[in-house]
Amino acid sequence: MNKTLSIDGQEIPFEDGQTIMQAATAAKVYIPHLCHHPEFTPHGSCKLCTVKVNGRNCSACTFPAAEGQEVLNNTTDINEDRKKITQMLFVEGNHFCPSCEKTGNCQLQAVAYHLNMLDNHFPLFYPQRAMDASHPEVLIDHNRCIFCTLCVRASQEQDGKNVFALSGRGINKHLIVNTPSGKLKDSALVADDRAAHICPTGAILIKRTGYTIPIGQRIYDHHDISDVSLTTAEAQHDH
Amino acid sequence: MTTKIRIATTSLAGCFGCHMSFLDIDERMLRLAELVEFDRSPLTDIEHCGSCDIGLIEGGVCNSENVHVLREFRKNCKVLVAVGACAINGGLPAMRNFIPLEECLAESYLTGIGVENPQIPNDIELPLLLNKVHPLHEVVKIDYFLPGCPPSADVFWKFLTDLLEGREPSLPYELIHYD
């Protein structure tokens, strides 16, 4: 007999070992997320995928699906919390979309659009953060890093390297490059690495490719991330 | 007697790009003019804001005059709207927030390439610069936000027609852009 849980009243089948996020994605139910990526070990840090499971807040990307769970996902209250989380991500970094190459293809921006985020609500931190342009092909702009660790995981799990890590705690948390100099140019990273292409924001960019697709014709300029995310997941599943 | 809705507009630390985009509503401006009249605005040259229904503010807050103007608008406008990226997060002018103000002034007026007769402007008529550029919501209560650099003419039109026709303003997905 198939096991099911319910998300917003809809019956969703799942298999043992699946997370709520995996079950939801397979059933074409979008749960907003940034640090989650179906190909990598979940990290559970961005908290955008927070859902209520039997009345308690859980990260859908890490929480195991179980028989009879009643999950609340797309509710006004939860989406308001998600909007606040997204606003905090914006004010903690320096996200100036008009001057960012990633605009229109940025998942942070797209989630904000999806949540109808029109302002930052909180005071802006304007933190002092550096850029690392030392690598001939790949650029790191720490201003836009949201510490999702997708580059860390992609480098370790797919590239078989160990180029990135997070260091520090709390407001001092930052992305580091695993070389004695700390510079990207001294690392094993090459432009074809998955880690160089996985960043959901404009923190890790391939140089000289930023404007090959004009602003206005980019992924999220006309398509909500809830549709794009499920279509992408489907394509990967078929593949 | 029907009185027209009064709108005031201003650009603080902005580039007037949002005002230009507002003018891009083109012939719809004639329909708008039947319903509204403009108070203080670069479009009217009225210098101080009287009692208004809607205040549209472009740009962030970078100097003491910006603070005074913003407070004048808040005091006089029933509905105050932050228009564009700079009003919402400081935008391009806020790029100077990462450089000490003294260094910014020195680069511009003392040590920069091509500077003649180097001196930091100090006329009593000039507003003092703030240490950092701030978005509007850090200084006064803002009622609505229109993101975009600039917000498109359709954003202005949708927002104003919603307000004028008594609806809660809302922007469809296609009109929400931060770039």
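Here are some exercises, with worked solutions, on a predicted model with chains A and B.

**Exercise 1. Work out which strands of the sheet β6-β7-β10 in chain A stand at the edges.**

Start with the order. The sheet is open, has three strands and runs β6-β7-β10, with antiparallel pairing. Next, count partners: β6 (131-132) and β10 (204-206) of chain A each have a single partner strand, so one side of each is left without a neighbour in the sheet. Those two are your edge strands. Now zoom in on one pairing. β6(A) is joined to β7(A), residues 138-141, by two bridges, and the two strands run antiparallel. To find the register, look for Asp132(A): facing it in β7(A) is Ile140(A).

**Exercise 2. Take apart the hairpin of β1(A) and β2(A), and find which residue takes a positive phi.**

First get the strands: β1 covers residues 3-7 of chain A and β2 covers residues 10-14, and five bridges pair them in the antiparallel sense. For the register, follow Ser6(A) across to its bridge partner, Glu11(A) in β2(A). Then go to the turn. Two residues sit between the strands, and Asp8(A) has a positive phi near 50°.

**Exercise 3. Do the same for β8(A) and β9(A), then say which residues of β9(A) make up its covered face.**

Pairing comes first: β8(A) and β9(A) are antiparallel, with four bridges. Phe164(A) has Val177(A) in β9(A) as its bridge partner. In this hairpin six residues lie between the strands, and Gly168(A) in the turn has a positive phi of about 80°.

Now the faces. In a regular strand, side chains alternate between the two faces of the sheet. With that in mind, read along β9(A), residues 174-177: Leu175(A) and Val177(A) form the covered face, while His174(A) and Ile176(A) form the uncovered one.

**Exercise 4. Place Lys161(A) and Arg74(B): buried, partly exposed or exposed?**

Take Lys161(A) first. This lysine is in the loop between α4 (150-157) and β8 (164-167) of chain A. Buried would need 20 or more neighbours and exposed 12 or fewer. Lys161(A) has 17 C-beta neighbours inside 10 Å, so the verdict is partly exposed. Setting aside residues up to four places away in sequence, Lys161(A) touches Ser155(A) and Ala188(A). As a distance check, its C-alpha atom is 9.5 Å from that of Ser187(A), 26 residues apart along the chain.

Arg74(B) goes the same way. This arginine belongs to helix α3 of chain B, residues 64-76. Its count is 18 C-beta neighbours inside 10 Å, so Arg74(B) is partly exposed too. With residues up to four places away left out, the contacts are Leu80(B), Val140(B) and Lys141(B). From Arg74(B) to Ser11(B), 63 residues apart along the chain, the C-alpha separation is 14 Å.

**Exercise 5. Describe how the two domains of chain A meet, and how many residues each gives to the contact.**

Begin with the bounds: domain 1 is 3-81 and domain 2 is 100-227. Their C-alpha centres lie 25 Å apart. The contact uses 12 residues of domain 1 and 15 residues of domain 2. Sort the domain 1 side by class and you get seven nonpolar, five polar and no charged residues.

**Exercise 6. Sketch chain B, then say which helix gives the most to the side that touches chain A.**

Chain B contains six helices and seven strands, in the sequence pattern β-α-α-β-β-β-α-β-α-α-β-β-α. Its C-alpha atoms fill a box of roughly 60 × 35 × 30 Å along the principal axes, and 38% of its 179 residues count as buried.

On to the partner: 22 residues of chain B are in contact with 18 residues of chain A. Helix α4(B), residues 85-89, gives the most to this side, with three residues. By class, the chain B side holds 13 nonpolar, five polar and four charged residues.

**Exercise 7. Find which residues touch the most other members of the largest nonpolar core.**

The core has 103 residues, and the best-connected members are Ile20(A), Ala24(A), Ala60(A), Cys151(A), Ile57(B) and Ala82(B). Each domain of chain A supplies at least three residues. Finally, look around Ala82(B): beyond four places in sequence, its contacts include Asp119(A), Ile57(B), Leu136(B) and Phe145(B).

Note on methods. Residues numbered from 1 in each chain as written. Chains lettered and ligands numbered in written order. Predicted model: local features only at pLDDT ≥ 70, side-chain atom pairs only at ≥ 80, totals over all residues. Pairing = 2+ DSSP bridges. Contact = placed C-beta atoms within 7 Å. Nonpolar A, V, L, I, M, F, W, Y, C, P; charged D, E, K, R; others polar. Domains from an automatic or database assignment. Core = buried A, V, L, I, M, F, W, Y, C linked by C-beta atoms within 7 Å.
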